[in-house]
Amino acid sequence: MRLARFDGDRLGRLDGDQVVDVSDAVIPHPDGGRLHGWITSVAAGTTPSSLAAADGPRRRLADTQLTCPLPAPPKIIAAPVNYLDHKQEMRVEHTVANLGIFLKARTSVIGPGDTVMLPYTDQRFDQEGELGVVIGRRARNVPVESAMDAVFGYTCLLDMSLRSTEDRSTRKSFDTFTPIGPWVVTADEIPDPAALGLRCWVNQTLRQDCSVADLVFDVPTLVAYASSVMTLEPGDVLATGTPQGVGPVADGDHITLEIDRVGRLDVAVSSRDAIPYAARVGAASTGPRGGSNG
Ligand code: MN
């Protein structure tokens, strides 16, 4: 199934070029909306029915305003340097195997058609196209062999990044810095995520083109590893890492991420509310070479 949120918090099952409104079959999660509510009830074994069989009003997908599928994931867990070609382009020493994972703020998510808001006028921001993994059940210390049982589905994910000196969780947690969507595809439709191709364009230029098979930590290893650090919860989102081809984005750019059998996510980029880096809170405390106030 492909499950999408639309018109605020309606939940739809995609059927060809149509969206079937299955909202009535689902109790919304208080923060995370109807898709999160569905994932939670599947995890708890309390789903009254199957969404695959649910029917409801139909509308054309082309005429439907999709919204962020998971607006309040409990956690966004991300893999740094999980493709060797990206390790090379960044000229860094370690991969996920030595760096471990990091957290992005859950408040950084936006959805299809939304806009990435750059916070600074004079810093470099890169797009990182990634396969997003949505967790379907509580998982702690799961072995690699059964880690896929914890996966609910997949989505396209952009790990937007400030290239500067701050820790990753700062550089990648600005509001709007985790676009996800346009929907979530359930895991049964993708028996082997390693078989997926991923492509990312900025405007009309293809920047990233890779196979998920090239991951250093493949999906089961990443899920198992993450679960050895922190308890995974239904609705958590894993950013699996980006291949080579990251590059700067600027005001007015348009980013498109396409993953085979998952979907195509489009977002815009704006610097409308951006400020000079030296005008950020606390810049004056960075020492003599720091902010504009010395
Ligand atoms: Mn990343």
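Is R10 buried, partly exposed or exposed? R10 is partly exposed, since its relative accessible area comes to 28%. On this scale, buried means under 20% relative accessible area and exposed means over 50%, with partly exposed in between (1.4 Å probe, protein chains only). The model is predicted, so local features need pLDDT of at least 70 and side-chain atom pairs count only at pLDDT 80 or more, while totals for chains, interfaces and linings use all residues. Residues are numbered from 1 along each chain as its sequence is written, and side-chain values use heavy atoms, with hydrogens and water left out.

A good place to start is strand 1, residues 2-6. Strands here are DSSP runs of E with at least two residues, numbered from the N terminus. Four of the five residues in strand 1 are buried, so the rest of the structure largely encloses this strand. Strands count as paired if DSSP finds at least two bridges between them, and strand 1 has several partners to look at. With strand 2 (residues 10-15), strand 1 runs antiparallel and is joined by four bridges; A4 has G12 as its bridge partner there. These two strands form a hairpin with three residues between them, where D7 takes a positive phi near 45°. Strand 14 (residues 178-186) also pairs with strand 1 in the antiparallel sense, over two bridges, and on that side L3 is matched with V184. Then there is strand 5 (residues 66-67), again antiparallel to strand 1 and joined to it by two bridges. In that pairing, F6 meets L66 as its bridge partner.

Now for the charges. Side chains of opposite charge can pair when their charged atoms come close. A salt bridge is taken as a side-chain nitrogen of Lys or Arg within 4 Å of a carboxyl oxygen of Asp or Glu, and the count by this rule is 19. One of them brings back D7 from the hairpin: R59 forms a salt bridge with D7, and their closest N and O atoms are 2.9 Å apart. R59 sits in strand 4 (residues 58-60) and D7 in the loop between strand 1 and strand 2, so the pair ties together parts that are 52 residues apart in sequence. R59 is partly exposed at 30% relative accessibility, and D7 is partly exposed at 40%.

R10, the residue from the opening, forms a salt bridge with D21, with the closest N and O atoms 3.1 Å apart. This pair links distant parts of the chain, as D21 is in strand 3 (residues 18-21) and R10 in strand 2, eleven residues apart. D21 is buried, at a relative accessible area of 13%. Elsewhere, R60 and D63 form a salt bridge whose closest N and O atoms are 2.9 Å apart. R60 is partly exposed at 48%, whereas D63 is exposed at 55%. There is also a network of salt bridges that links K104, R124, D126, E128, D159, R163 and K172.

The rings come last. Rings of Phe, Tyr and Trp (its six-membered ring) pair if their centres lie within 6.5 Å, and six aromatic pairs turn up by this rule. Ring pairs link Y120, F125, F174, F177 and Y277 into a cluster. A charge sits over a ring if NZ of Lys or CZ of Arg is within 6 Å of the ring centre and within 35 degrees of the ring normal. R280 lies over the face of Y277, at 3.9 Å from the ring centre, and the charged end of R264 sits over the ring of W201, 5.2 Å from its centre.

Notes:
Phe/Tyr/Trp six-rings, centres within 6.5 Å; stacked < 30°, edge-to-face > 60°.
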